[in-house]
Amino acid sequence: MGEAIAARECEARMEEAVNAEARAGALKELFEKKLNSAMRLYLESCARCGLCVESCHVFASMPQTRYTAVGRAEVVRKIFKRYFKLQGRFAPWLGETLEIDDASMDALYDAAFSCTGCRRCMVHCPFGIDTQLVMSIAKALLIGADREPKILTMLADMSIAKGESVEETRADFAQALANLDGEVRALWPASPTPAVPYEVPGSRVLYVALAGSHSIVSAAAIMNAAGESWCLSSFEAVNFAAFLGDSAKAKTIARRILDEAERLGVEEIAVVECGTAFRYLKHMIEHRGFEVVAFVELMDRYLSEGRIRLDPSRLPEKVTYHDPCQLARNSGVIEEPRRVLRALAADFVEMRPNRAENWCCGGGGGLVAMGEEEFRMKSGKVKADQMRATGASVVATACENCHSQLSDLNRHYGLGMRVEFLSHLAARALISPR
Amino acid sequence: MAGYLVAQAVSAATAAAPASGGSAAGAAADAVSAASSLPRSAFGLVLDRAEYGIMVPLVYAALAFLLAALAARLVRILRAPGPPYQLAIYPAPRLPLLAAMRDAFGMPQVLRRAPLFWAFLMMYHVGILALLLGHLDLFPAIRIVPVGSRHMLGAGVAGLMVTISTFYFLGRRFMGETRKISTPGDYFLLLLLLFLFLFGDLMSWGNSWTASGFVMTKKDFAGYFAILAKLSFADPRTVLHGPHYHFIVIHVLLAELFFVVLPFTKVMHAFLALPVEALRRRTWARRSPPANARLAWKKP
């Protein structure tokens, strides 16, 4: 009897070992698929000089090696060395290589989802290694091992499902937009009817918003004030699959917007204040016959062309600006928001550091969507200190994620500031052109 | 037997060297050649063979391995699919290639954040460049420093530059966060380089500390490189006289080890720095307003 139990246990252990080996093999194949030329360059080049250590806002707030760019990338690099380099076969101890197992998967999760993909480390790295791209391997392996954050998978799937059922919900959506008419007119009374045009073929601009009227009303008022030929997209700009690192789903989410823009024959897609959505549509997917601009770029253009005017007396408080990482250093929208702010704020003060060097707020990479409040508040301490140091009473930004995180930091650290979207400030300061 | 014949040949050659007036080795070289003509012990014969192996055939083998492995690694990277999307950091430079070159060769990111580290890095890389040139200068076809010069290019300063900076890099590896992110491979590589440089220094500097002055000169080293360049497989001791020969052998052995491990270490950055920097500087997406847009907007 005892022998039979022992045999069964032995068999179960062997089966487990075979399964673990098969899983490691499958994940190794997944890893290999991600080895494009850039990834190989990044994995081969790091000299472990440590210059990126202090670049990460998480490390600056919680000084632990695992929260450094190199600490994160090394988890992936050690697996790379184990399976794809001779060192892993002959002298694994030299590079402290890692097997694909439960422990390394935990380390990958810790690395990938403590990184917001802000790429501040890339600015400081002597080689310009992109930790966010390296982390895409970690995320792919986690998805392959069914260990990714399920909330992000669920949100990405929901987003895709919502997109698939757009035909059935079109009438309800149009009605909901009609209900916003009054709110838009409150900001810009001369708005045409409807104040939020929806799916109008031949429009010049397709505006892609988020779920929630806060991302539509102010933008609508500004575009109406500028006399823009525009319409609203049926789809949300947010791309949870990009946070998740599921490139197939991310492309599905982004491409339906591109398809819609093609169908409507627009010349530009204007993306709501959402850094990741903008960067994804602008830089991370194929180009088609139209431009992709961030809404703040559109506002700046309207101002420079004299199509809108803003009254700075409506915002007498001291205002500072938080550069969203995906918009500024990762997409180049750096001076446009400053020009808009200078037009609407009498007292604008810069954060230090700013622009490409700005500290990440700590809410990117899906962390806001995942909750993770305790981690976000701890890792955002350096941002909170930076905000406080400006002495401003209003902090403006142009990204939904940043807005949520900055609001949470403001509350958590008792900063007593007001966090505002740039478009909201601009819409409230609209005055008639001369 | 072959070893004995080699020893005889060396003895004859070293005896002839002072007569030709080519070497300043003088008495020291004579003493060595005299010593080398004595009947050899079994250990001595094995050592002779091993040293010859290190000094000639293994040099070719290590270089061939280095070139083949380097080519294989570079081809593997070049043949991999391109990056999935634009990886640039903004503000984008007007001249991306120039910016990438400035990043790769000037290391402005290091200068801004760690000026002392930058100073040592520059000293190291300039020193490496000088050493490379100095060694190339030993080939008969290349003439940078006069053939008759006692010193190689840099007169030992280049060696000191790399040695001092390697000491700094090694010390830095034991400090703070850098210690925590270091792997055994990082220490081994630095130690390998350090000893390679120290033995090099021993020849360029230590050589002149002997009672008889320079035992081996640039001309002697050039003789050795000529043997290698001509593929004559002659014994290097026909041109390298003096008590430092064994140190040269160790220096060459360490260099061979370095050649063999180079393609598998982070030293690959020497070949990858420019393409990797270009990823940060090159933009693909258009940022300007569309040419076909109705930008000549007129208020209705």
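This passage walks through a sheet and a helix in chain A, then chain B and the contact between the two chains. The model is a predicted one, so everything below is read off computed coordinates.

A good place to start is the open sheet of chain A, which is built from four strands in the order β7-β6-β8-β9. As a reminder, strands of a sheet pair through backbone hydrogen bonds, either parallel or antiparallel. Here the pairing is parallel. At the edges sit β7 (347-349) and β9 (418-421) of chain A, and each of these strands pairs on one side only. The strands don't line up perfectly: neighbours in this sheet are turned by 30° against each other on average, ignoring direction. Zooming in on one pair, β8(A), covering residues 394-397, joins β9(A) in the parallel sense over four bridges. For A:Ala396, the bridge partner in β9(A) is A:Glu420. The sheet also has a helix packed on it, namely α17 of chain A (residues 335-344), which touches β6 (318-321), β7 and β8 of that chain. The direction of α17(A) makes about 170° with that of β6(A).

Elsewhere in chain A, helix α6 (residues 102-112) shows two contrasting sides. Its buried residues are A:Ser104, A:Met105, A:Ala107, A:Leu108, A:Ala111 and A:Ala112. Looking down the axis of α6(A), these buried residues fall within an arc of 160°, so they line one face of the helix. Turned away from that buried side is a face carrying the exposed residues A:Asp102, A:Ala103 and A:Asp106. And what sits over the buried residues of α6(A)? The cover includes α4 (69-84) and α8 (131-144) of chain A.

Chain B is a helical affair, with 13 helices and zero strands. Buried residues account for 34% of its 300 residues. Its contacts also reach across the sequence: among those in chain B between residues at least 6 apart, 76% join residues at least 24 apart.

Finally, there is the place where the chains meet. The contact draws 51 residues from chain B and 55 residues from chain A. On the chain B side, the elements giving two or more residues are α4 (57-79), α6 (108-113), α9 (176-181), α10 (184-204) and α13 (269-281) of chain B. Of these, α13(B) gives the most, with eight residues. Sorted by character, the residues on the side of chain B that touches chain A come out as 31 nonpolar, nine polar and 11 charged.

Notes: Residues numbered from 1 in each chain as written. Chains lettered and ligands numbered in written order. Predicted model: local features only at pLDDT ≥ 70, side-chain atom pairs only at ≥ 80, totals over all residues. Pairing = 2+ DSSP bridges. Axes fitted to C-alpha atoms, helices over the stretch in contact; angles between N-to-C directions. Contact = placed C-beta atoms within 7 Å. Nonpolar A, V, L, I, M, F, W, Y, C, P; charged D, E, K, R; others polar. Buried ≥ 20, exposed ≤ 12 C-beta atoms within 10 Å, placed from the backbone. Arc of directions from axis to C-beta.
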